[in-house]
Amino acid sequence: MSSADSSRILALIEVRDRVLTAIRAFFRMHGYCEVTTPVMVRCPGLDQHVEALSTGSGMYLATSPELHMKRLVCDGAQLIYQIIPAFRAEEEGAHHKCEFLMLEWYHTGIGYLEMMQETEDLLRYVIGGCGSKSAGLNFPVPRITVDRLYEDAAGWKPSEQWDEDRYFLDWVQVVEPHLQKIPAVIVYDFPEALSALSQVSSSNSRICERFELFINGLEICNAYSELTDPLVHRERFEHAAQARKAFGRKPYASDDLFLKAIEHGMPMCAGNALGVDRLIMALTGTGHIDEVSLFPEDKDTCNGLF
Amino acid sequence: MLDTTALRKNLKIIIDGDPWIVVDCQFVKPGKGQAFTRTRLKNLIAGHTMDRTYKSGEKIGEQARIDECEMVFLYEQGGAYAFMDNNTYDQVELNVDQVGEALNFMTENMNVEVDFYDSMPIAITLPNFVELEIVDTEPAVRGDTVSGATKPATLSTGYNVNVPLFINSGESIVVDTRTGAYVERVKK
């Protein structure tokens, strides 16, 4: 290894350590407990477009710790977080890696608006903790609804005339390029069809209480007012299984332990999943996820693009 | 028929009857959405580019049948670049767009690969490593062979590279034509 390579790695070890230390300090300061959930799971989620890596014997590597962390919330845990590797097959690119580091946290008693504030507080704390100037960010971070964003960038309102193909094609071709020109923005109130496990808005049934934070067009996190109703949970699982089938993908087994926990009772809460590698990219101004990896030469093999 | 899994930089592909080369491709996946590949393609005959976005798994086109022929670069005259087949002495000409970035590293009498589509020369590929002379750089710093520090240097083609401090003007170096990076000094 050349001296230039090793000094790059040493600098990166330090940056990653500062970010992880600041994240843990922030959550400790706010009364959170760090938890660990299984990496090998029987039900890897319900997302139509997320493929889990099978480990054989009906088990998968977790695509996210969501379902297990929510079981802890149902058990009565009020403030929990963890930093855990997540695995998604067929995802490889400048902003995607088959294995990546995820920060996920749940805060009971609050909704997505308070979660937006908490996310900004975390961001500000981490930026301070790694001594990076402001990373070009100003607080408070501006907020825009999905409808408004699409009206500005693509000339239509997704919640009023839902068209999934058009929505994502426009996202890739005009909305994301539009977001790349904005240092930081919180995009919120997604169309109901993209609710996943978020709460539908009480004032407008066509939107859900979900937000994503973007830094220079890079999606950093995805958060919800979490769905709590057990019947709606069952509907969403069934609907997701059908959507996967219709798309030619194998539906995953439904997670009975999770559904049982929800039936037992899930408190009102907000949850957030944040890509740690992407946060480090944003803080260091790098354009490719390999540039913040300590082992960029270890290429994952998951049939993706390199 | 090729689909998006075949997409990579420098793939040559026939789309609607025309040969294209992939100059850039990016994996994009919006939250809760399906994956896409954003591509920039260059028409191998006319030289213009177009941007296309494909859904993952979508069919794109046919694999282009490209014939490759080893030729020597003879000279440039009025924007036309002449190459000769070493066996048949046949000559062909390419324009500046077709020669493209190879210009940064190509010198007369260099052996290159010329790509033909339907008997038309459309592009060239340089060897991965070529030797080129440094025509301008700061004088060498003695003894400094370990620090990893570099300085700018101009090649005989006019292209600028970063080289270690111990390299002098008039010396030749090996350059990686895929990245444009310095590889090593040519021992005399």
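# A walk through chains A and B

In strand β13 of chain B, Ala153(B) is the bridge partner of Thr137(B). Before we follow that pairing outward, please keep in mind that this is a predicted model.

Ala153(B) also has a partner in another strand: in β14(B) the residue bridged to it is Val161(B). Let us look at each pairing in turn. Strand β12 (residues 129-137) of chain B meets β13(B) in the antiparallel sense, over three bridges. On the β14 side, five bridges join β13(B) to β14 (residues 160-164) of chain B, and these strands are antiparallel too. The connection between β13(B) and β14(B) is a hairpin with four residues between the strands. In its turn you will find Gly158(B), with a positive phi of about 95°.

Which way do the side chains of β13(B) point? In a regular strand the side chains alternate between the two faces of the sheet. Strand β13 (residues 150-155) of chain B shows this alternation: Lys151(B), Ala153(B) and Leu155(B) are buried and point to one face. Thr150(B), Pro152(B) and Thr154(B) point to the other face and are not buried.

Now step back to the whole sheet. It is an open sheet of five strands in chain B, in the order β14-β13-β12-β15-β16, with antiparallel pairing. At its edges stand β14 and β16 (181-185) of chain B; each has a single partner strand, so one side of each is left without a neighbour in the sheet. From one strand to the next, the twist averages 55°. Moving from β12(B) towards the β16 edge, we come to strand β15 (residues 172-176) of chain B, which pairs with β12(B) in the antiparallel sense over five bridges. Within that pairing, Glu133(B) has Ser172(B) of β15(B) as its bridge partner.

One more stop in chain B is worth making, in the loop between β2 (12-15) and β3 (18-28), where Asp16(B) lies. Most residues other than glycine have a negative phi, and most peptide bonds are trans. Asp16(B), although not a glycine, has a positive phi of about 50°. Is Asp16(B) buried or exposed? Its relative accessibility is 69%, above the 50% cut-off, so Asp16(B) counts as exposed.

Chain A is our next stop. Its secondary structure comes to eight helices and eleven strands. Along the principal axes, the C-alpha atoms of chain A fill a box of roughly 60 × 50 × 40 Å. A compact globule of 306 residues would have a radius of gyration near 19 Å, and chain A agrees with this at 19 Å. Of those 306 residues, 53% count as buried. Among contacts in chain A with a separation of 6 or more, 68% are between residues 24 or more positions apart.

Chain A has an open sheet as well, with three strands in the order β2-β4-β3 and antiparallel pairing. The edge strands are β2 (40-41) and β3 (54-56) of chain A, each with a single partner strand, so one side of each is left without a neighbour in the sheet. Two bridges join β2(A) to the antiparallel strand β4 (residues 59-61) of chain A; in one pairing, Val41(A) has Tyr60(A) of β4(A) as its bridge partner.

Follow the chain on into the loop between β4 and α2 (66-74) of chain A, and you reach Ala62(A). With 4% relative accessibility, Ala62(A) counts as buried. What surrounds Ala62(A), leaving aside its neighbours within four places in sequence? The residues in contact with it are Pro38(A), Val39(A), Val41(A), Ala86(A) and Phe87(A).

Helix α3 (residues 112-129) of chain A offers a simple check on geometry. At 1.5 Å a residue, its 18 residues should span 26 Å, and the end C-alpha atoms are 25 Å apart, which agrees. Buried residues of α3(A) include Tyr112(A), Met115(A), Leu122(A), Leu123(A) and Glu118(A).

Further along, in the loop between α3 and β7 (143-145) of chain A, sits Pro140(A). The peptide bond leading from Phe139(A) to Pro140(A) is cis, with omega near -5°. Another backbone feature is found at Asn216(A), in the loop between β9 (207-215) and β10 (218-225) of chain A. Asn216(A) is not a glycine, yet its phi is positive, near 50°. At 44% relative accessibility, Asn216(A) counts as partly exposed.

We finish in the segment after α8 (276-284) of chain A, the place of Asp290(A). Asp290(A) counts as buried because its relative accessibility is 14%. The side chain of Asp290(A) is joined to that of Lys97(A) by a polar contact of 3.0 Å.

Technical notes:
Residues are numbered from 1 along each chain as its sequence is written. Chains are lettered from A and ligands numbered from 1 in the order in which they are written. This is a predicted model: local features need pLDDT of at least 70, side-chain atom pairs count only at pLDDT 80 or more; totals for chains, interfaces and linings use all residues. Side-chain values use heavy atoms; hydrogens and water are left out. The expected span of a helix is 1.5 Å times one less than its number of residues. Buried means under 20% relative accessible area, exposed over 50%, partly exposed in between (1.4 Å probe, protein chains only). A polar contact is a pair of N or O atoms within 3.5 Å; within protein, one must be able to donate a hydrogen and the other to accept it, and residues adjacent in sequence count only if both atoms are side-chain atoms. Two strands pair if DSSP finds at least two bridges between them. Axes are lines fitted to C-alpha atoms, for helices over the stretch in contact, and angles run from 0 to 180 degrees between N-to-C directions. The radius of gyration is taken over C-alpha atoms; the globule rule is 2.2 Å times the number of residues to the power 0.38. Contact means heavy atoms within 4.5 Å.
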